[in-house]
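User: I want to see how the labels on this model are earned. Please set each value against its cut-off.

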Amino acid sequence: MAGSQSGSGGTNLLAQNAIGMWSLVFFVLAALAPLTLIVTVAPLHFLKGGVAVPSGYLIAGAVLALFAVGFTTMSTRVRNAGAFYAYIARGLGKPMGTGAAMVALLAYNALQISTYGLLGVYMSGTLKDFFGVEIHWFVPAIIGVAIVGYLGYRGIETSSKILSVLLILETSVLVVLIVPVLLKGGLSGYSFDSFSPRNVFVLSNGAMLALTFGAFMGFEATAIFSEEAKDPKRTVPRATYVAVAFIALFYCLVTYAIILAYGPGNILAVATNDPVNMVFTMADEWVSPVFTDVMRVLIISSIFAALLALHNAANRYFYSLGREKVLPSALGKTHPKMKSPWVAGLVQSLLAAAVVIGWLVFRLDPYLGLVLWGAAIAFLGVIALELLCAVAVIKYLRANFPEVGLWRSTIAPGLGLMGLCIIFVLVLNSLSLLSGIVGFGVNHALYGSLPLVFFAGLARALWMRDREPVAYEGLATINVD
């Protein structure tokens with residue numbers, strides 16, 4: 001069962017013992033861009049769920065906490081920068097794992113690259129509003145590609161330090177926003193309608209529940225950095241639980257404060273009439289217009305932090321698959337000094353640049369196209385990976401580590417699997433909402449890319465089994481403890 005960098009010859013290793021538990025948490029939370037989500041996405045949650053939104057985050061957190069029990073138990077036994085790839089391969093077989101790896105590669109790259117569209121749109125809009133300077137969205141987007149790529153090349157420790165500062169800034173802004181509301185009780189006093197079962201457990205909230213799960217997308221990245229973590233058998237599980245708990249409780253608290261600020265009876269109308277300025281108007285009224293300007297600037301840093309965190313996650317999938325020869329082996333090289341997967345990072349950055357340039361050349365919409373389409377692919381892909389991972393974890397732990405007990409090997413991940421199945425169905429019913437496209441053809445082209453790359457990965461593994469049996473045997477065995 002054990003292996004240690006098999007297939008790598010002991011070279012091209014990632015940085016060892018480079019980041020601790022809080023750095024892992026910062027990577028996860030930065031990728032989720034809390035400030036950006038609350039300002040730009042939460043209004044859509046209110047539009048679909050009204051006062052029930054805070055409970056939506058708690059429900060999503062509970063399901064993913066159950067999933068995390070088996071996931072983190074697996075992480076103490078399998079350390080691999082491929083995370084989902086390694087876990088699914090160990091539990092469901094190497095062909096399935098390789099197929100899942102290609103889905104993960106597409107999902108993480110789609111989310112990361114699409115976020116450059118968001119950076120371009122918000123940066124160009126902010127410069128125009130504050131200074132009267134008009135620039136095309138492409139300019140900040142392509143500059144962002146270069147800066148993120150360089151910082152990724154500098155290594156995990158550099159990224160960790162930058163992300164910690166940016167994350168503290170954006171979460172501090174949200175705390176300042178909600179404190180006066182919570183202290184006063186909002187517009188008309190405290191209300192607990194947001195937690196009433198009669199408001200939460202209704203069929204019309206299905207789309208809202210599907211959307212709130214998107215707020216957790218990428219929480220499993222703690223395992224992606226397990227090869228670089230200090231004492232990973234302890235730090236990875238702790239960081240995963242801390243991240244899930246923080247996301248659920250913090251987003252619940254912030255959205256509850258927004259509801260109080262406008263009044264439970266008004267929240268749906270506000271989200272319908274002015275979703276774009278919903279949070280900014282609240283900041284004007286409850287803090288100050290100057291504070292609102294600070295928020296608008298920090299949204300840009302929030303987006304940048306997400307780009308950096310997602311770049312590091314995506315290039316480690318490239319690295320892992322290159323190291324194990326699923327993709328060209330050059331992707332498995334690390335810088336001799338920085339210990340960063342610099343070839344994988346360069347490829348990821350070039351891919352991002354190509355997509356951004358393509359969007360410019362074909363004059364496609366950077367928000368309605370690049371941002372929404374990329375996020376939609378990523379969301380469905382990650383949910384599908386979590387489903388496969390839950391099944392793989394149960395099978396692997398029960399077969400190989402029954403001593404971990406029924407709770408960790410079967411009951412908790414089984415309950416998480418049931419919850420994920422429900423969410424997956426809700427997501428499938430909300431595909432047009434996620435992509436912003438009602439048309440049949442575009443949606444099927446977008447989501448059809450996921451099974452396409454899955455079967456491509458599966459076929460690649462089967463080809464390796466027949467033509468490159470030594471390399472095939474090494475799949476998903478690197479850094480298995």
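User: Where is Ser226, and why is Ser226 called buried?
Analyst: This is a predicted model. Ser226 sits in the loop between α10 (221-224) and α11 (232-262). Its relative accessibility is 1%. Buried means under 20%, so Ser226 counts as buried.

User: What makes the link from the side chain of Ser226 to Ala223 a polar contact?
Analyst: The side chain of Ser226 reaches the backbone oxygen of Ala223 at 2.9 Å. The cut-off for a polar contact is within 3.5 Å. The value of 2.9 Å therefore passes.

User: Which residues is Ser226 in contact with, leaving aside neighbours within four places in sequence?
Analyst: Arg79, Asn80, Pro232 and Val236. Asn80 belongs to another loop, between α3 (53-75) and α4 (84-92).

User: Is Asn80 buried or exposed?
Analyst: Buried: Asn80 has 1% relative accessibility, and the limit is under 20%. The side chain of Asn80 also joins that of Ser320 in a polar contact of 3.0 Å. Between the C-alpha atoms of Asn80 and Glu228 there are 9.8 Å, although 148 residues separate the two along the chain.

User: How do you know that the length of α11 agrees with its number of residues?
Analyst: Take 1.5 Å a residue. The 31 residues of α11 should then span 45 Å. The end C-alpha atoms are 44 Å apart, so the two values agree.

User: What makes α11 mostly covered, and what follows α11?
Analyst: Of its 31 residues, 22 are buried. Gly263 follows α11, with a positive phi near 95°.

User: How many residues are in the largest nonpolar core, and which have the most contacts inside it?
Analyst: The core has 172 residues, and Ile258 and Met295 have the most contacts inside it. Helix α14 (residues 289-323) gives the most to this core, with 18 residues. Beyond four places in sequence, Ile258 is in contact with Ile38, Phe46, Ile267, Met278, Val279 and Met282.

User: Why does Leu174 count as buried, and what does Leu174 touch?
Analyst: Leu174 lies in helix α7 (residues 156-184). Its relative accessibility is 0%, so Leu174 counts as buried. Residues up to four places away aside, Leu174 touches Pro34, Leu35, Ile38, Phe250 and Val254. The C-alpha atoms of Leu174 and Tyr251 are separated by 9.9 Å, with their places 77 residues apart along the chain.

User: How many aromatic pairs are there, and why is the pair of Tyr108 and Tyr317 called stacked?
Analyst: The structure holds 18 aromatic pairs. Tyr108 and Tyr317 lie 5.5 Å centre to centre, with 25° between the planes. Pairing needs centres within 6.5 Å, and stacked needs planes under 30 degrees apart. Both tests are met, so the pair is stacked. Tyr108 is in helix α5 (residues 94-131) and Tyr317 in helix α14, 209 residues apart, so the pair links distant parts of the chain. Both tyrosines, Tyr108 and Tyr317, are buried.

User: Which residues form one aromatic cluster?
Analyst: Phe67, Phe71, Phe84, Tyr87 and Phe219.

User: What makes you say that the charged end of Lys94 sits over the ring of Tyr472?
Analyst: The charged end of Lys94 is 5.4 Å from the ring centre of Tyr472. The distance limit is within 6 Å, and the charge must also be within 35 degrees of the ring normal. The distance passes, and Lys94 is listed as sitting over the ring. Arg296 sits over the ring of Phe280 too, 5.9 Å from its centre.

Methods:
Residues are numbered from 1 along each chain as its sequence is written. This is a predicted model: local features need pLDDT of at least 70, side-chain atom pairs count only at pLDDT 80 or more; totals for chains, interfaces and linings use all residues. Side-chain values use heavy atoms; hydrogens and water are left out. Helices (H or I, at least four residues) and strands (E, at least two) are DSSP runs, numbered from the N terminus. Buried means under 20% relative accessible area, exposed over 50%, partly exposed in between (1.4 Å probe, protein chains only). A polar contact is a pair of N or O atoms within 3.5 Å; within protein, one must be able to donate a hydrogen and the other to accept it, and residues adjacent in sequence count only if both atoms are side-chain atoms. Contact means heavy atoms within 4.5 Å. The expected span of a helix is 1.5 Å times one less than its number of residues. A nonpolar core is a set of buried Ala, Val, Leu, Ile, Met, Phe, Trp, Tyr and Cys residues joined through side-chain atoms within 4.5 Å. Rings of Phe, Tyr and Trp (its six-membered ring) pair if their centres lie within 6.5 Å; planes under 30 degrees apart count as stacked, over 60 as edge-to-face and the rest as tilted.
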